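Student: Please choose one part of this model and take me through it closely and slowly. I would like each term explained when it comes up.

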Amino acid sequence: MHQLISQLYDWGGIRFAPPGPNGFRWKVHSYYPDLMEAPLYFDMRGADSQKPGPLPPEAFDIIGAAMAEYYFSQPEAVASPIIAGVPNAADPLAAGVVKSQPDRNLKQLWLFKRESGPQRVIEGITYGDYKVGDEVVLI
């Protein structure tokens with residue numbers, strides 16, 4: 001895990017605010033301007049995402065494999081869940097989880113996000129098969 005965190009930092013996926021009162025501001029600060037600013041920023045977007053970020057394509061396979069290793073080590077883990085990412089940012093992470101577990105026959109769902117002003121709502125499934133009663137892990 002330490003190696004993964006170090007690699008994320010090297011890629012620019014982890015940033016620290018400079019010393020002093022100024023940290024990172026989020027969308028929530030527009031509603032709560034007095035909220036404490038964050039001293040740490042995780043940018044998990046890839047260079048090819050809608051809002052480009054610092055991570056190279058192979059990062060999602062590496063992070064997805066680490067997430068799968070952790071999830072499947074838990075006693076309450078479902079053996080073969082369907083994996084879905086919060087659209088659109090977590091779709092590459094979900095794909096990395098699925099790709100890292102070829103023996104589990106995992107499936108992925110792609111979800112549709114509707115944006116209206118400041119609100120975002122997951123509205124449905126863009127692609128993927130499921131049946132009622134399937135268990136889904138949302139990333």
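Tutor: A residue counts as buried when its relative accessible area is under 20%, as exposed when it is over 50%, and as partly exposed in between, with a 1.4 Å probe and protein chains only. By that rule, 30% of the 139 residues of the protein chain are buried. The model is a predicted one, in which local features need pLDDT of at least 70 and side-chain atom pairs count only at pLDDT 80 or more, whereas totals for chains, interfaces and linings use all residues. Residues are numbered from 1 along each chain as its sequence is written, and side-chain values use heavy atoms, leaving out hydrogens and water.

The protein chain has 4 helices and 6 strands, where helices (H or I, at least four residues) and strands (E, at least two) are DSSP runs numbered from the N terminus. Read from the N terminus on, these elements follow the order α-β-α-β-α-β-α-β-β-β.

The part I have chosen is strand β4, which covers residues 107–116. Two strands are said to pair if DSSP finds at least two bridges between them. On one side of this description stands strand β3 (residues 82–85), which runs parallel to β4 and is joined to it by 4 bridges; within this pairing, Ile83 has Gln108 as its bridge partner in β4. Strand β5 (residues 119–127) also pairs with β4, but in the antiparallel sense and over 7 bridges, and here Arg114 has Val121 as its bridge partner in β5. The hairpin of β4 and β5 has 2 residues between the strands, and in it Gly117 takes a positive phi near 65°.

Within β4, let us stay with Gln108, which belongs to this strand and is buried, since its relative accessible area is 9%. A polar atom of its side chain lies 3.3 Å from the backbone oxygen of Asp91; a polar contact is a pair of N or O atoms within 3.5 Å and, within protein, one must be able to donate a hydrogen and the other to accept it, while residues adjacent in sequence count only if both atoms are side-chain atoms. Leaving aside residues up to four places away in sequence, Gln108 touches Ile82, Ile83, Asp91, Ala94, Ala95, Val98, Tyr127 and Gly128, where contact means heavy atoms within 4.5 Å.

Helix α4 spans residues 91–100, and its buried residues include Asp91, Ala94 and Val98, which also appear among the contacts of Gln108. Leu93, Gly96 and Val97 of α4 are buried too. The buried residues of this helix pack against β3 and β4, and also against α3 (57–72).

Phe72, where α3 ends, is buried at 16% relative accessibility. The charged end of Arg104 sits over the ring of Phe72, 3.8 Å from its centre; this asks for NZ of Lys or CZ of Arg within 6 Å of the ring centre and within 35 degrees of the ring normal.

As a last step back to the whole chain, 51% of the contacts with a separation of 6 or more are between residues 24 or more positions apart. Along its principal axes, the C-alpha trace spans about 50 × 40 × 30 Å.
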